[in-house]
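Got the model open? Let's take a stroll through the ligand site and the pockets.

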Amino acid sequence: MSNSTGNSQSAGSSIAAGSESAAEGNHEGATTTYAGKSAAVDQLNLAPATRVVSAGRPIKGEDAGVNAGIDLNSTFHAPGEIGYGRYGNSTWSALESAIQSLEGGKTLVFSSGMAAISAVLSLLPKGAVIVASKNGYAGTMSVMQRAQAAGTLELRLVDISNTEEVLQEIKGAMLLWIESPTNPALEVADLPTIIAAAKSLNVGVAVDNTFATPLLQQPIAMGADMVIHSLTKYISGHSDVILGSISTPDEALYARLSDVRKLGGAIPGPFETWITLRGLRTLSVRMERAQANALELALRLSTHPAVEKVRYPGLPTDAHHDRAKSFMKGFGAVISFDVKGGPEAADKACASSELVTFATSLGGVESLWERRHRWSAESPLIPAQLVRLSVGIEDVEDLWRDIDQALRASQA
Ligand SMILES: Cc1ncc(COP(=O)(O)O)c(C=O)c1O
């Protein structure tokens with residue numbers, strides 16, 4: 001990494017070494033992180049669709065549970081690996097070993113996607129330059145913009161799908177923050193190219209992989225230093241939990257992030273962790289069905305008289321289609337579109353649906369939609385009449401009937 005001090009370490013390791021070492025930061029307790037005791041299946045020889053089902057299960061044995069338990073302990077008999085409930089938990093370890101078998105590296109679960117994002121940003125030294133998409137998730141953007149306003153970070157906002165612009169702006173940066181596809185503009189970054197370029201310049205790379213999930217792209221295998229998830233979305237998949245994660249192949253970074261979780265206290269509840277692991281088991285079939293529905297709905301929306309523009313990388317006519325096809329294993333299940341008649345018509349459409357729920361969030365089994373600009377934090381670059389539709393796994397004809405009637409109602 002080239003930073004203002006001319007230090008040429010990789011950003012991953014320089015972030016990891018940025019303040020006190022993990023050992024020094026481990027103020028209480030004998031160990032850093034509970035290693036977990038999950039089944040010794042060689043997950044790497046299995047397809048991802050199998051790993052979502054089989055990873056993170058307890059070791060097989062007579063009367064051993066088939067599933068990890070909900071570990072409600074706040075403290076543990078000493079001496080031992082865990083020590084205290086803020087340092088480790090066997091339910092966390094089960095989910096972590098499942099996610100790391102999909103993303104690569106080692107995983108830490110956090111109390112929310114935002115807690116995971118804040119943990120990463122907390123590692124950056126004062127004045128660090130971070131390059132990020134100007135169309136990223138509004139919460140991420142707000143945290144970064146506040147850090148910039150407070151003088152702790154220097155933020156360079158880019159069009160993450162414009163490879164030349166990204167390559168230009170990462171020079172001298174400490175961290176490239178990628179969200180792809182972006183929320184809600186659904187722009188696709190050229191991940192293989194920009195990750196490789198960042199690595200060659202020793203710029204650290206963090207990828208928010210929430211929209212794609214590890215089933216569609218695996219940034220660590222492309223060289224990323226960190227993969228962040230809002231597990232709240234596809235991985236848990238049922239709109240009933242808030243949770244986040246960070247995966248990293250860098251041991252020193254892992255140790256520092258583990259320390260941030262331990263001392264910052266943004267720890268997940270054991271029940272939330274367990275229910276996320278339960279949701280993960282069906283990720284592959286949910287994604288298959290939701291993506292098939294999304295493609296069909298995107299095609300139909302493209303010719304709907306109440307719709308001006310559809311953004312969905314799965315559409316052959318979409319500006320990001322060819323790129324997405326070149327390295328992603330699917331196009332996801334979020335569609336954004338502009339409703340004719342402006343924000344009032346878009347609001348009317350969202351309020352007129354009966355099956356599709358008018359609500360924020362995405363990645364659940366049920367379809368949800370909303371006009372993004374009903375949130376004041378949404379970027380001014382996002383059109384006022386843009387509706388984000390998270391496509392669920394319902395029958396596609398039922399969905400279309402409802403969407404069609406709601407859109408027609410919006411024009412009345
Ligand atoms: C892409 C993306 N990243 C991160 C987050 C934040 O995650 P959480 O709501 O779990 O804190 C969201 C939430 O919508 C998101 O869409």
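What follows starts at the ligand and then turns to the two pockets.

Keep in mind that this is a predicted model.

**Around the ligand**

How many residues surround the ligand? There are 13, and the closest are Met-114, Asp-208, Ser-230, Thr-232 and Lys-233. Sorted by class, that shell has four nonpolar, six polar and three charged residues. Helix 5, which covers residues 113-122, supplies the largest share of the shell with three residues.

Now for the polar atoms that face the ligand. Here they are side by side:

| Protein atom | Ligand atom | Distance |
|---|---|---|
| Thr-232, polar side-chain atom | oxygen | 2.6 Å |
| Asp-208, polar side-chain atom | nitrogen | 2.7 Å |
| Gly-113, polar backbone atom | oxygen | 3.0 Å |

So far as cover goes, the ligand on its own has 390 Å² of accessible area, and the protein covers 92% of that. If you're clicking through the site, Asp-208 uses its side chain towards a ligand nitrogen at 2.7 Å, while Gly-113 uses a polar backbone atom, 3.0 Å from a ligand oxygen.

**The largest pocket**

Where does the ligand sit in terms of pockets? The space it takes up is the largest pocket. That pocket holds about 430 Å³ of space. It is lined by 24 residues, and those closest to its centre are Met-114, Tyr-137, Asn-183, Ser-230 and Lys-233. Two elements, helix 5 and strand 6 (226-230), give two or more residues each to this lining. By class, the lining has ten nonpolar, nine polar and five charged residues.

A few names come up twice here. Met-114, Ser-230 and Lys-233 are among the residues closest to the ligand, and they are also among those closest to the centre of the largest pocket. Helix 5 likewise turns up both in the ligand shell and in the pocket lining.

**The second largest pocket**

Next comes the second largest pocket, with a volume of about 260 Å³. Its lining has 17 residues, and the closest to the centre are Ala-185, Lys-309, Arg-311, Asp-318 and His-320. Which strand gives the most to this lining? That would be strand 8 (residues 307-311), with three residues. Split by class, the lining has nine nonpolar, four polar and four charged residues.

Methods:
Residues numbered from 1 in each chain as written. Predicted model: local features only at pLDDT ≥ 70, side-chain atom pairs only at ≥ 80, totals over all residues. Heavy atoms only, no water. Near = heavy atom within 4 Å. Polar contact = N/O pair within 3.5 Å; in protein donor to acceptor, adjacent residues only side chain to side chain. Areas by Shrake-Rupley, 256 points an atom, 1.4 Å probe, with all protein chains shown as cover. 1 Å grid on protein atoms, 1.4 Å probe; cavity = no way out; pocket = protein on both sides within 12 Å on 5 of 7 lines; lining within 4 Å. Sits in = over half its atoms within 2 Å of the grid points. Helix = DSSP H or I, 4+ residues; strand = E, 2+ residues; numbered from the N terminus. Nonpolar A, V, L, I, M, F, W, Y, C, P; charged D, E, K, R; others polar. Points joined across faces, edges and corners; volume = space filled by probe spheres on them.
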